[in-house]
Amino acid sequence: MQKSVYIKTYGCQMNVYDSARMADVLAPRGYRQAEAPEDADLIILNTCHIREKAAEKVYSELGRLKRIKRERRAAGKDATIAVAGCVAQAEGAEIRRRAPAVDLVFGPQSYHRLPELLAEARRTGSAIGQAFEADEKFDTLPEESAFQGPSAFLTVQEGCDKFCTFCVVPYTRGAEYSRPAAAILAEARRMVAGGAREIALLGQNVNAYAGAAPGGVRGGAKGGGVWGLGRLIRELADVEGLERIRYTTSHPRDMDDELIAAHAEVPALMPYLHLPVQSGSDRILAAMNRKHTAADYRRTVDRLRAARPDLALSSDFIVGFPGETDQDFAATLKLVTEVGYAQAYSFKYSARPGTPAATADGQVPEAEKAARLAALQQLLEAQQAAFNHACIGRTMPVLLDRAGRKPGQMVGRSPWMQAVHVMAPPDRFGRIADIAIERATANSLAGHLAAAPAAPPRAPVGAGRSEGVRAA
Ligand code: SAH
Ligand code: SF4
Ligand code: F3S
C-alpha cells in the first residue's frame, strides 16, 4: 500500500545522511516522501542536541504535530510520530512521558531497525530504539539508496571518543566506529554508477577513520589490517567516474602523515578542508580538552599547505568558553589573522547539561560573548569576502549540481566549496564545467561558461599560504 513519510532534519550532515537512509529503508515498504507533515502517515523529527534548548524546541514542535495528528485521525487517516537523532538518544523514554502523541523514539544508531520499530509501535502502541548496540548497523541497510544528486554524502565513521568538555556528541553518538573499507568502496561504486561525481566522506571525527581493510575481519584490526582515511581516499580515487572527494569533519589531532600526503598526491581530493580549531588560546584549548595547542594547529596547517598550496581552510570557533579572558580572545583573533580562512562557523559558548564545562567556574556574561562573537565574525567575514573577490577573473572547474532560482540558471561548487551561479543549458547538469568568474559576493560567485579548457586549479590570489588573507 502507498504510504507517505515526512522527515524533518536538524543539525549536522550526519543527520542529513541518516534521514536519507531512513527514506531508503522505508521506500521498499511503500513509503514515498510527503511535502508537508499534514500529508504524511509517518512524521519523523531527526533531531540535534548541540545547541542550548534543543530539547525544548523539539517539544514545542511536537505540540504542533499533536494537532496535525488529531486532525488526521479525525479524518480517518494514519499519523505516526517518531523522534529520532541526538535528542532522542539523550532524552529516551522521557520524550513519550512529556509528549504522549509520540509513538516512536529511536537514537542515531538504530535507524536501520526502523521497520521493526514501526511494527512494534503498531502492535504495542509505542517503541523505543536507543543505545549504541549496533555494530552491524551499516551492513544491515538496504543496498539500494536514492540518488542524492551529483554530489553525495557517504558515512564512513560514526561517534566520538574525544570528549571535548563543551560537547554532547560523545554522549549522543557513542564511541568511534569505522565502517569496513570494502563496504565503503562498494557503496561509492554504486553511487557513481547512479550518477554521483563527487563524494563527501562523513564522520564526527572522519579523520580518526580506522576501518578494516578489505579481506580483514569486519570492524576490527585483525586479519587484513586497518586503513586510515588517507589510504581509503587513495583507493576511492581509483573508482572510475568519481571525480571529486571531500571529507568532513576532522579533528586537528588526527591529521596524520598519510592523510596529509593524500592532499599532495590525490588530484581528486578537493583543496578545501574544514579543520575546527575552536580557540587560539592554549589555556582555553587545554580547558576544552582539545589536546593540541595553537602552535600545533599552525604546524598542521603549514604542512597541509606545503602539500597542497591552494588549500582553503574552514573552521569552527567557540567564543566565551568558561574562563575566557580578553587576552584569550585576542589569541583567537591572532590565529584567525595568521591562518586566513575561506569560510568559518562561530558560536557563543552555550552550556550543555551533563558536559564538564557546563558547571565550570568563570562562565562569561552574555553581553561579553555577544561582543566577542561580533568582532570575530567581522574578521571572518572580511576574510571570506577577500577570498571570494580574489577569484574574479579566474576560470575554475565547477560541479553543476543544482538548478538556480532564475530560469536557465544552474548552481555548482568550486573546488574550494564556493557556490557558483551560471547560466547553462540543461545537459550540463551533473557535470564539471569551466566557469569564468565575473562577480563575487560575501557568500557566492557568478560567472559564465568558459569556451576554452581551464588551467588546472590554482589558489585564488592571497589564499594560498598561512600568512595569506588578512582582514582589511
Ligand atoms: N566533531 C566536530 C564538531 C561537532 S559539533 C569537531 O570536533 O570539530 C560542531 C561545532 O559546534 C563544534 O565544532 C563547536 O564549534 C560547536 N559546539 C559544540 N558544542 C558547543 C557548545 N556547547 N557551545 C557552543 N558551540 C558548540
Ligand atoms: Fe564534540 Fe570534540 Fe568530539 Fe568534535 S571532537 S564531536 S567537538 S567531543
Ligand atoms: Fe547535532 Fe547530533 Fe550532529 S547533536 S551536530 S545531530 S551529531
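Which residues does Leu229 touch, not counting residues up to four places away in sequence? They are Leu201, Val206, Asn207, Tyr209, Tyr247 and Leu259, where touching means heavy atoms within 4.5 Å. Welcome to this predicted model, in which local features need pLDDT of at least 70, side-chain atom pairs count only at pLDDT 80 or more, and totals for chains, interfaces and linings use all residues. Residues are numbered from 1 along each chain as its sequence is written, chains are lettered from A and ligands numbered from 1 in the order in which they are written, and side-chain values use heavy atoms, with hydrogens and water left out.

**The nonpolar core**
- Leu229 also appears among the residues with the most contacts inside the largest nonpolar core, together with Leu201, Leu232, Ile233, Leu236, Tyr247 and Tyr341.
- This core has 53 residues; such a core is a set of buried Ala, Val, Leu, Ile, Met, Phe, Trp, Tyr and Cys residues joined through side-chain atoms within 4.5 Å.
- Helix α7 (residues 181-193) gives the core its largest share, six residues; helices are DSSP runs of H or I with at least four residues, strands are runs of E with at least two, and both are numbered from the N terminus.

**Around ligand 1**
- The shell of ligand 1 holds 15 residues, and the closest are Phe166, Gln204, Gln278, Asp316 and Ser350; a shell residue has a heavy atom within 4 Å of the ligand.
- Strands β15 (312-319) and β16 (343-348) each supply at least two residues of this shell.
- Nitrogen atoms of ligand 1 have polar backbone partners: one pair, with Phe166, is 3.0 Å apart, and a pair with Ser350 is 2.8 Å apart.
- An oxygen atom of ligand 1 lies 2.8 Å from a polar side-chain atom of Gln278.
- Taken alone, ligand 1 exposes 540 Å², and the protein buries 89% of that (Shrake-Rupley method, 1.4 Å probe).

**Around ligand 2**
- Phe166 is also one of the residues surrounding ligand 2, as are Cys160, Cys164, Cys167, His251 and Arg290, among others.

**A look at Asn388**
- Asn388 sits in helix α13 (residues 366-389).
- Asn388 counts as buried because its relative accessibility is 2%, and buried means under 20% relative accessible area (1.4 Å probe, protein chains only).
- A polar side-chain atom of Asn388 lies 3.0 Å from the backbone oxygen of Ala442.
- Beyond four places in sequence, Asn388 touches Gln418, Ala440, Thr441, Ala442, Asn443, Ser444 and Leu445.

Technical notes:
A polar contact is a pair of N or O atoms within 3.5 Å; within protein, one must be able to donate a hydrogen and the other to accept it, and residues adjacent in sequence count only if both atoms are side-chain atoms. Buried means under 20% relative accessible area, exposed over 50%, partly exposed in between (1.4 Å probe, protein chains only).
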